[in-house]
Amino acid sequence: MLMEKRPAKKGLKIIIVGCGKVGQTLVEQLSNEGHDITIIDRNTTRLHEIANLYDVMGLNGNGASYGVQMEAGIENADLIIAVTGSDELNLLCCTVAKRVGNCAAIARVRTPDYSEETGYLREKLGLALIINPELEAARVASRILFLPSALEVNSFAHGQAELIRFKIPEGNPLNGMSLASLGKNRDFDILICAIERDGELFIPSGDFELQCGDVISIVASRKSVKNFLVKVGFKTKQVKNCMIIGGGNDALYLANLLLAMGIDVKIIEKDSTRCEELSIILPKAIIINGDGTDQELLKEEGITYTEAFVPLTGIDEENVMLTLQAKQLSNAKVITKIDRIAFKEVISQLDLGSVVYPRYITSEAIIAYVRAKSASRDSNIETLYHMFDNRAEAIEFRIEENSEVTNVPLKDLPLKKDLLLSFISRRGTIIIPSGQDEIRVGDTVMIVTTHSGLSDIRDILK
């Protein structure tokens with residue numbers, strides 16, 4: 001069959017307004033993927049630092065200004081991303097850009113009032129995406145507390161499939177088992193798609209043998225994940241109660257999600273006025289006015305028997321210390337939220353339970369959109385997650401049209417090395433694929449790979 005020659009990929013012209021933590025992460029990742037980046041910020045020093053570090057164009061000024069946007073080239077831009085510290089400024093940047101240029105627009109919006117109206121705002125302002133890092137981080141945390149044995153839980157295929165990361169403990173039946181023998185076990189309809197051992201990452205083959213201490217990522221349907229974990233001796237029941245330190249918006253989002261899941265919530269917050277606000281907004285939660293870093297108070301409020309502990313103080317160092325303290329005082333499932341990544345290598349050496357990075361959650365959603373926008377019409381990116389400190393990616397593609405990868409047995413596809421096709425979702429059914437299975441139009445397909453920048457399903461081929 002004669003195949004149409006594939007056009008070379010062309011980077012998008014992207015304007016990013018705001019040089020904070022999320023802005024820098026986006027500049028780093030999108031410039032690495034070959035896009036033409038212009039950044040706008042009022043902070044001259046910060047602007048020059050990032051522009052020089054990543055060799056991108058920097059423009060000093062107000063990103064919502066018509067004149068500044070024109071100077072940045074908004075008329076020819078494909079996308080504007082507004083991630084300043086102000087929700088209103090972000091929305092205004094996008095509104096001006098939509099009136100002036102013919103570009104897509106993405107805004108970061110964090111205020112709870114606006115978060116309840118994201119659908120309305122997206123529609124009326126014509127935005128491609130509205131991202132709320134704190135709300136997305138809370139969703140990640142709630143998924144972990146639903147399955148507390150996991151270090152990380154990511155959802156694919158509209159919740160039908162899950163990617164679960166956990167550590168193999170001493171004495172676990174998985175210790176010494178090869179992936180081939182695991183695959184032959186009909187009770188385990190799962191696929192192990194990535195393994196970290198002694199700091200090294202593997203996209204494993206069938207002869208790989210598991211060891212205690214390995215951190216592994218498995219993918220399966222939601223039902224199969226629980227069945228597998230139960231049979232290899234992991235706790236799978238969601239926690240019954242959770243103690244949250246700090247009463248900011250991230251705590252509010254998490255508390256709302258946990259209460260909806262039937263999990264009891266206790267929040268400890270220093271500010272008495274904020275405590276009064278929270279008691280009105282969250283009538284089913286217990287709100288304690290006090291210093292969450294006070295060990296005696298934590299003991300009084302039941303840290304020794306709480307099933308989950310989540311410090312959300314707004315200060316990374318406090319969150320880390322509180323997590324370490326909780327692990328000494330209790331057997332609680334702990335989740336640590338980290339906003340900065342300057343000390344990521346040090347943090348990775350500490351036993352902090354599950355670690356959530358809101359800036360990565362935000363950037364992943366935006367990068368998934370950018371790759372989908374720059375891809376061909378044959379496929380589209382539905383979901384993207386970075387794994388193991390950005391050393392691997394899990395990408396879900398929606399198959400729109402026939403191409404070189406469709407209607408061919410997987411065993412006959414020349415797949416890139418260090419790439420694993422993890423599942424096929426077909427009409428609501430999750431298929432853990434064998435060599436005989438085929439990709440068809442209408443499927444969504446998830447791959448895990450150490451290659452970066454894949455934006456089209458045909459990128460899986462050599």
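Let me begin with Gly85, which you will find in the loop between strand 4, residues 79–82, and helix 4, residues 87–100. Please keep in mind throughout that what we have here is a predicted model. In this model Gly85 has a relative accessible area of 69%, so we call this glycine exposed, the cut-off being over 50%. If you now look for Arg110, you will see that Gly85 and Arg110 are 25 residues apart along the chain, while their C-alpha atoms are separated by 9.0 Å.

From that loop I would like to turn to helix packing. Two packed helices are described by the angle between their axes and by the distance between those axes. Take helix 1, residues 21–32, and helix 2, residues 44–54, which pack at an angle of about 20 degrees with their axes 10 Å apart. Angles under 35 degrees count as roughly parallel, and therefore helix 1 is described as roughly parallel to helix 2. As for handedness, helix 1 passes helix 2 in a right-handed crossing. On the side of helix 1, the residues that take part are Gln24, Val27, Glu28 and Ser31, and they meet Arg46, Ile50, Leu53 and Tyr54 in helix 2. Sorted by class, this contact has four nonpolar, two polar and two charged residues.

Our second pair is helix 7, residues 133–146, and helix 10, whose axes are 8 Å apart and which pack at an angle of about 40 degrees. Helix 7 and helix 10 are therefore oblique to each other, and helix 7 passes helix 10 in a right-handed crossing. Helix 7 brings Glu134, Leu135, Ala138, Arg139, Ala141, Ser142 and Leu145 to this contact, where they meet Asp250, Tyr253, Leu254, Leu257 and Leu258 of helix 10. By class, the contact of helix 7 with helix 10 has eight nonpolar, one polar and three charged residues.

Helix 10 also leads us to the last element I want to show, helix 11, since helix 10, residues 249–260, is among the elements that cover the buried residues of helix 11. Which residues of helix 11 are buried? In this helix, which spans residues 272–281, they are Arg274, Cys275 and Leu278. These three cover an arc of only 105 degrees around the axis, which puts them on the same side of helix 11. On the other side of helix 11, by contrast, Glu276 and Ile280 are exposed. Besides helix 10, the cover over the buried residues includes strand 13, residues 264–269, and strand 14, residues 286–289.

Key. Residues numbered from 1 in each chain as written. Predicted model: local features only at pLDDT ≥ 70, side-chain atom pairs only at ≥ 80, totals over all residues. Heavy atoms only, no water. Axes fitted to C-alpha atoms, helices over the stretch in contact; angles between N-to-C directions. Helix = DSSP H or I, 4+ residues; strand = E, 2+ residues; numbered from the N terminus. Parallel < 35°, antiparallel > 145°, perpendicular 65-115°, else oblique. Left-handed = near helix turned anticlockwise from the far one by under 90°. Contact = heavy atoms within 4.5 Å. Nonpolar A, V, L, I, M, F, W, Y, C, P; charged D, E, K, R; others polar. Buried < 20%, exposed > 50% of the residue type's maximum accessible area, 1.4 Å probe, protein only. Arc of directions from axis to C-beta.
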